[in-house]
Amino acid sequence: MRLRRVLLTVHRWLGLTAGLVLLVSGTTGALLVVLKPIDRWANAALFRVPPAATAAPIASMLDRLQAEHPGADISLRLPRAPGDSLVAYVKGDRDLQAYFDPADGRLLGTREATEGVYNFVFELHSELLASQGGRKVLAAAALGYAFLFGVGLILWWPRDARLGRALRVRWGRAATVVTLDLHRTAGALLGVLLLVSAASGAYMAWRPISHWVDALSGATAAAVPRVQPAEQRLGADAVLRLADDAMPGGRLSILQWPGDPTRAVRVRKQLPDEVHPNGLSSVWVDPYAGRVVAQWQWNEPPPGTRAFQWMYPLHTGALGGVVHEALTFVLGLVLAALGGSGIWLWWRGRAARAAGARRALIREPTT
């Protein structure tokens with residue numbers, strides 16, 4: 001009983017510490033599943049273009065962005081299918097997204113990183129609107145949830161091993177009793193799935209976790225290749241052709257052009273055996289010397305980097321289609337409910353104890 005009281009105290013205060021973050025993370029995660037198709041429908045002029053047989057030079061779009069945002073890191077997400085626009089992600093003096101018609105290079109529009117409901121919710125979900133600081137908080141909250149789940153499972157597990165009794169919800173009782181039963185049951189039944197979702201999100205949010213995995217495996221994380229800047233350099237289209245020739249097959253997905261001229265340009269491809277929708281197979285090109293300086297397919301890097309192949313589709317629901325997306329939506333709501341109900345139960349218990357103390361004080365005889 002003494003150990004149980006200690007575990008209950010740990011569960012309560014850890015839940016109060018991480019509960020608000022879990023509430024925000026779960027709510028925004030569920031919202032993103034619904035808001036993504038709505039955002040693409042409401043802003044179809046940015047995402048959809050008439051299919052065309054020809055394509056404009058990608059260099060013209062990249063050069064325009066580099067002239068407007070000198071020193072910025074720019075990633076170009078190439079169209080996945082006919083009728084898709086080309087989307088550029090700019091991180092520098094301003095963080096924004098630019099949308100181009102790949103047929104003629106025409107700028108369709110731009111949006112700030114937090115402009116619009118979907119973008120705002122995405123930034124809140126991925127970094128709590130606090131950049132790297134928010135990512136650290138999310139990683140810490142995910143670790144906190146792992147402890148919450150473990151301790152909660154011990155507290156929930158019935159002493160007589162009668163699981164049916166432990167899983168019941170006493171409908172018709174007081175709101176606190178029903179909420180407590182739902183809190184325990186949902187945490188026990190869906191805890192493992194929620195742990196996978198929280199862990200995969202933390203893994204993507206905070207890069208050092210993958211470096212720790214590499215270190216534990218005895219591997220060294222691959223460093224970004226460095227290059228020597230020169231006056232002449234290859235254009236974006238020539239870099240893409242060079243990368244495509246170096247790693248035949250698959251689909252060119254993302255061109256990452258760093259603002260630092262001493263870093264190599266990265267071209268990502270999705271090979272036929274990859275589950276990551278953007279692909280992780282990569283070719284690094286020196287645009288000044290016009291040569292490939294490094295490359296690896298998705299199954300070749302150290303395990304910490306290789307794990308990203310599964311983390312993104314697992315976390316977003318992209319791995320199992322509509323069914324997986326629906327499960328991701330439900331898990332987000334459950335995580336939010338666990339965080340919110342835990343805080344509410346603590347507040348109700350605190351209010352009840354305060355009311356009991358006041359009644360005892362009133363009944364106390366005076367002299």
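Q: Why are helix 4 and helix 5 called oblique to each other?
A: In this predicted model, the axes of helix 4 and helix 5 come within 7 Å and cross at roughly 60 degrees. An angle under 35 degrees would count as roughly parallel, one over 145 as roughly antiparallel, and one from 65 to 115 as roughly perpendicular, while the rest count as oblique. The crossing at roughly 60 degrees belongs to none of the three named ranges, and helix 4 and helix 5 are therefore oblique to each other.

Q: What makes the contact between helix 4 and helix 5, and into which classes do its residues divide?
A: On the side of helix 4 the residues are H125, S126 and E127, and they meet S131, G134, R135 and L138 in helix 5. By class, the residues of this contact divide into one nonpolar, four polar and two charged. Gly is counted among the polar residues, so G134 of helix 5 belongs with the polar ones here.

Q: How do you know whether L128 is buried, exposed or partly exposed?
A: L128 has its place in the loop between helix 4 and helix 5, and its relative accessibility is 21%. Buried means under 20% and exposed means over 50%, with partly exposed in between, so L128 at 21% counts as partly exposed.

Q: What is said about the phi angles of L128 and L129?
A: Phi of L128 is near 55 degrees, which is a positive value in a residue other than glycine. L129, which is also placed in the loop between helix 4 and helix 5, has a positive phi of about 60 degrees although it is not a glycine. The relative accessibility of L129 is 42%, and because this value lies between the cut-offs of 20% and 50%, L129 counts as partly exposed.

Q: Why is N119 called buried?
A: N119 is found in helix 4, which covers residues 117-127, and its relative accessible area is 4%. The limit for buried is under 20%, so with 4% N119 is buried.

Q: Which residues does N119 touch, and where is its C-alpha atom with respect to that of L35?
A: Not counting residues up to four places away in sequence, N119 touches Q97, R111, E112, A113 and T114. The C-alpha atoms of N119 and L35 are separated by 9.4 Å, although these two residues are 84 residues apart along the chain.

Q: What makes helix 3 and helix 9 oblique to each other?
A: Helix 3 (residues 58-68) and helix 9 (residues 236-246) pack at an angle of about 125 degrees, with their axes 7 Å apart. The range for roughly perpendicular ends at 115 degrees and roughly antiparallel requires an angle over 145, so an angle of about 125 degrees lies between these ranges, and helix 3 and helix 9 are therefore oblique to each other. The contact is made by I58, A59 and L62 of helix 3 and by A236, D237 and L240 of helix 9. These residues divide into five nonpolar, no polar and one charged, and because Asp counts as charged, the charged one is D237.

Q: How do you know whether T328 and Y312 are buried or partly exposed?
A: T328, whose place is in helix 12, has a relative accessible area of 12%, and because this is under 20%, T328 is buried. Leaving aside its neighbours within four places in sequence, T328 is in contact with V33, H315, T316 and G317. Y312 lies in helix 11 (residues 308-316) and has a relative accessible area of 25%, which is neither under 20% nor over 50%, so Y312 is partly exposed. With neighbours within four places in sequence again left aside, Y312 is in contact with M204, H276 and P277. The C-alpha atoms of Y312 and M204 are separated by 7.3 Å, while the two residues are 108 residues apart along the chain.

Q: What makes up the lining of the second largest pocket?
A: The second largest pocket has a volume of about 840 Å³ and is lined by 31 residues, of which L8, H11, L180, H183 and L345 lie nearest its centre. Helix 1, helix 5, helix 7 and helix 12 each supply at least two residues of this lining, and the largest share, 10 residues, comes from helix 12. By class, the lining has 16 nonpolar, 10 polar and five charged residues.

Technical notes. Residues numbered from 1 in each chain as written. Predicted model: local features only at pLDDT ≥ 70, side-chain atom pairs only at ≥ 80, totals over all residues. Heavy atoms only, no water. 1 Å grid on protein atoms, 1.4 Å probe; cavity = no way out; pocket = protein on both sides within 12 Å on 5 of 7 lines; lining within 4 Å. Points joined across faces, edges and corners; volume = space filled by probe spheres on them. Helix = DSSP H or I, 4+ residues; strand = E, 2+ residues; numbered from the N terminus. Axes fitted to C-alpha atoms, helices over the stretch in contact; angles between N-to-C directions. Contact = heavy atoms within 4.5 Å. Buried < 20%, exposed > 50% of the residue type's maximum accessible area, 1.4 Å probe, protein only.
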